[in-house]
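Work through the exercises below with the model open. Each task is followed by a solution in steps.

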Amino acid sequence: MDFNGSDTIPGPRTEDQLPHTAQAAVKIVIVGGFGVGKTTMVGSVSEIRPLTTEETMTQAGIGVDDDYGSDSKTATTVAMDFGRISITDKLVLYLFGTPGQERFWFLWNGLFEGALGAVVLVDTRRLEVSFDVMGRLEERGVPFVVAVNSFPDGPRYPVEDLRTALDLAPDVPIIDCDVRRRASSKDVLMTLMRFLHSIALSGPRT
Ligand SMILES: Nc1nc2c(ncn2[C@@H]2O[C@H](COP(=O)(O)OP(=O)(O)OP(=O)(O)O)[C@@H](O)[C@H]2O)c(=O)[nH]1
Ligand SMILES: [Mg+2]
């Protein structure tokens with residue numbers, strides 16, 4: 001399979017089998033507040049046709065979410081997104097995107113089970129919605145990286161200001177991304193894998 005960083009979002013494949021060389025499969029969760037780009041990320045990076053559970057936003061969603069300010073967003077994830085990417089010919093990541101709306105969060109416990117790591121997607125227009133997400137990961141001991149999905153009207157902050165605002169430990173990676181681009185989404189996952197590797201080498205965190 002082609003993972004040379006091409007930005008082309010792959011279309012549906014007829015052949016969805018794992019590479020026969022695959023030796024390790026790792027579960028990764030993609031979390032973040034409502035509308036931050038989780039489904040877009042799983043869709044841009046997945047080598048199989050992603051499974052999504054999006055529903056058209058209902059009256060209930062509109063009431064909850066009308067400060068979002070995106071005309072293009074008409075659907076929201078109600079259960080999960082699922083995709084797969086081969087990082088090398090031996091290592092395969094299974095990606096699980098969570099729902100962003102609080103009323104679906106009861107599903108989260110199951111989604112976190114067995115996760116080796118997480119990507120927390122952040123929208124700088126609504127930093128506060130990320131606190132709860134990161135708190136839940138910390139409670140469950142799931143290591144995470146923070147990926148800032150840049151929207152055109154989102155304020156830009158220096159990384160260290162973001163670290164302070166989000167109250168992140170010095171070792172937690174923070175990177176910019178554009179989840180619509182496959183190479184950018186893949187970079188985020190590579191950063192997470194490097195982080196997980198460094199944690200594994202340095203022993204359990206306190
Ligand atoms: N400008 C811009 N728009 C984006 C970007 N990423 C996603 N979008 C748009 O923003 C909207 C939200 O994306 P989703 O992927 O549905 O977000 P989500 O986090 O899965 O949303 P929920 O499942 O409802 O929580 C969509 O309309 C995307 O097209 C981005 O990087 N830049
Ligand atoms: Mg979604």
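The exercises cover a ligand shell, a metal site, a helix and a loop residue.

This is a predicted model, in which local features need pLDDT of at least 70 and side-chain atom pairs count only at pLDDT 80 or more, while totals for chains, interfaces and linings use all residues. Residues are numbered from 1 along each chain as its sequence is written, chains are lettered from A and ligands numbered from 1 in the order in which they are written, and side-chain values use heavy atoms, with hydrogens and water left out.

**Exercise 1.** Describe the shell around ligand 1.

Step 1. The shell holds 22 residues, each with a heavy atom within 4 Å of the ligand. Lys38, Thr39, Thr40, Thr76 and Asn149 are the closest.

Step 2. By class, the shell has six nonpolar, 11 polar and five charged residues. Ala, Val, Leu, Ile, Met, Phe, Trp, Tyr, Cys and Pro count as nonpolar, Asp, Glu, Lys and Arg as charged, and the others, Gly among them, as polar.

Step 3. Helix 1 (38-45) and strand 3 (75-77) each give at least two shell residues; the largest share, three residues, is from helix 1. Helices (H or I, at least four residues) and strands (E, at least two) are DSSP runs, numbered from the N terminus.

**Exercise 2.** Which side-chain atoms bind the magnesium ion (ligand 2) as protein donors?

Step 1. Donors are N, O and S atoms within 2.8 Å of the metal (3.2 Å for Na, K and Ca); water is not among the atoms, so sites may look incomplete.

Step 2. OG1 of Thr39 and OG1 of Thr77 qualify, lying 2.0 Å from the ion. The two are 38 residues apart, with Thr39 in helix 1 and Thr77 in strand 3.

Step 3. Thr39 counts as buried because its relative accessibility is 18%, and Thr77 counts as buried at 5%. Buried means under 20% relative accessible area, exposed over 50%, partly exposed in between (1.4 Å probe, protein chains only).

**Exercise 3.** Check the length of helix 6 (residues 182-202).

Step 1. The expected span is 1.5 Å times one less than the number of residues.

Step 2. For the 21 residues of helix 6 this gives 30 Å, and the end C-alpha atoms are 30 Å apart, so the two agree.

Step 3. Gly203 follows helix 6 and has a positive phi, near 85°.

**Exercise 4.** Is Asp167 buried or exposed?

Step 1. Asp167 sits in the loop between helix 5 (159-166) and strand 8 (174-177).

Step 2. Its relative accessibility is 62%, so Asp167 counts as exposed.

Step 3. Asp167 is not a glycine, yet its phi is positive, about 55°.
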